[in-house]
Amino acid sequence: MKLYRFCSGSICKLFAGGLHGDEGLYTASVLEILAEEADMAYDADIIIAPAITTGTRYISVLSEAYYHTVEGMILTGLIKRYKPRFYFELHAYSEKSYARLTNPDREKIEGVPPFVDLGNHVLIGSIAPILRDALFSTEDFCLTIELPNWELQAITEAVLEILQPGLRCRTRTELLAQLREMYPDALERAEKLFYHFYRATASELEPF
Ligand SMILES: [Zn+2]
């Protein structure tokens, strides 16, 4: 597995793509571009894994079983080793999965909130609760981005525009402010879903 590390600060930011199945074939092309931009100019320890796997059996990251697979253990190994305060998880999905991933009833069906469409089939949402609760603190920023695999070229730039503030921003508040400015409606929806899921309010918890 290819891993980029740009070390110039104390805060760690991890960008991990391709967690299962063949998603890595799609996430790698975006994260390889990000890696070209992630030089030492940023005051952070930046780790980029463009594709943890490119061809394994698809096991959902919502299931405990995933974290016992080789790819699941590589992922948790990276998180345990680098203890990122900013964590971006990139997946890719096919057109037929769109309805399931964005289903308003997804919490009833799959136990997690639906993803929110940024308006270009790029979906954002929280990471798997099983992972968030085990390896991150409430102070950490954790975001899942789902890339539409059938129109990757069209959305690459837009995804990089979300990830670049992740490289630059020093605080979670600063990063959230930038994301809200870019996608006000989608962020508002995603934040509401986050608070609803965690039964919390904005005064108690920062989103994602
Ligand atoms: Zn996935």
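The following exercises, each with a worked solution, concern the predicted model shown above.

**Exercise 1. Overall dimensions**

Determine whether the radius of gyration of the protein agrees with that of a compact globule.

Solution. The chain has 208 residues, and a compact globule of that length would have a radius of gyration near 17 Å. The protein has 16 Å, which agrees with the expectation. Along the principal axes, the C-alpha trace spans about 45 × 40 × 35 Å. Burial may then be considered: 38% of the 208 residues count as buried. Finally, among contacts between residues at least 6 apart in sequence, 67% join residues at least 24 apart.

**Exercise 2. The sheet**

Establish the strand order of the sheet and identify which strands stand at the edges.

Solution. The secondary structure comprises 8 helices and 7 strands. The 7 strands form an open sheet with mixed pairing, in the order 1-3-2-4-7-6-5. Strand 1 (4-7) and strand 5 (116-117) each have a single partner strand, so one side of each lacks a neighbour in the sheet; these two strands therefore stand at the edges. In general, the strands of a sheet pair through backbone hydrogen bonds, in either a parallel or an antiparallel sense. For strand 4 (residues 86-93) and strand 7 (residues 141-148), the sense is parallel, and the pairing extends over 8 bridges. Within this pairing, Y93 has P148 of strand 7 as its bridge partner.

**Exercise 3. Helices across the sheet**

State which strands helix 1 and helix 2 lie across, and give the angle of each helix to strand 2.

Solution. Helix 1 (residues 24-37) lies across strands 1, 2 (12-17), 3 (45-49), 4 and 7. Its direction makes an angle of about 145° with strand 2. Helix 2 (residues 70-82) lies across strand 2 and strand 3, and runs at about 175° to strand 2.

**Exercise 4. Helix packing**

Classify the packing of helix 6 against helix 1 and against helix 7 as roughly parallel, roughly antiparallel, roughly perpendicular or oblique.

Solution. Begin with helix 1 and helix 6 (residues 152-168), whose axes come within 10 Å and cross at roughly 45°. Helix 1 is therefore oblique to helix 6. The crossing of this pair is right-handed. On the helix 1 side, the residues in contact are Y26, S29, V30, I33, L34 and E37. On the helix 6 side, they are L152, T156, V159, L160, L163 and L167.

Next, consider helix 6 and helix 7 (residues 172-182), which pack at about 160° with axes 9 Å apart. Angles over 145 degrees count as roughly antiparallel, and helix 6 and helix 7 are therefore roughly antiparallel to each other. Their crossing is right-handed. The contact involves E161, I162, P165 and G166 of helix 6, together with L175, Q178, L179 and M182 of helix 7.

**Exercise 5. The surroundings of A44**

Decide whether A44 is buried or exposed, and list the residues that A44 touches beyond four places away in sequence.

Solution. A44 is located in the loop between helix 1 and strand 3. A residue is buried if 20 or more other C-beta atoms lie within 10 Å of its own. A44 has 23 C-beta neighbours inside 10 Å and so counts as buried. Setting aside residues up to four places away in sequence, A44 touches S8, G9, I11, C12 and K13. As for S8, this residue is 36 residues from A44 along the chain, yet the two C-alpha atoms are separated by 5.3 Å.

**Exercise 6. Positive phi outside glycine**

For K83 and F208, give the phi angle, the location and the burial class.

Solution. Most residues other than glycine have a negative phi. K83, although not a glycine, has a positive phi of about 45°. This residue is found in the loop between helix 2 and strand 4. With 16 C-beta neighbours inside 10 Å, K83 counts as partly exposed. K83 and S137 are 54 residues apart in sequence, and their C-alpha atoms are 9.9 Å apart in space.

F208 is likewise not a glycine, and has a positive phi of about 65°. F208 belongs to the segment after helix 8 (184-197). With 23 C-beta neighbours inside 10 Å, F208 counts as buried.

Terms used:
Residues are numbered from 1 along each chain as its sequence is written. This is a predicted model: local features need pLDDT of at least 70, side-chain atom pairs count only at pLDDT 80 or more; totals for chains, interfaces and linings use all residues. Two strands pair if DSSP finds at least two bridges between them. Helices (H or I, at least four residues) and strands (E, at least two) are DSSP runs, numbered from the N terminus. Two residues are in contact if their C-beta atoms, placed from the backbone, lie within 7 Å. Axes are lines fitted to C-alpha atoms, for helices over the stretch in contact, and angles run from 0 to 180 degrees between N-to-C directions. A residue is buried if 20 or more other C-beta atoms lie within 10 Å of its own, exposed if 12 or fewer, and partly exposed in between; C-beta atoms are placed from the backbone. The radius of gyration is taken over C-alpha atoms; the globule rule is 2.2 Å times the number of residues to the power 0.38. Angles under 35 degrees count as roughly parallel, over 145 as roughly antiparallel, 65 to 115 as roughly perpendicular and the rest as oblique. A crossing is left-handed if the near helix is turned anticlockwise from the far one by less than a right angle, and right-handed if clockwise.
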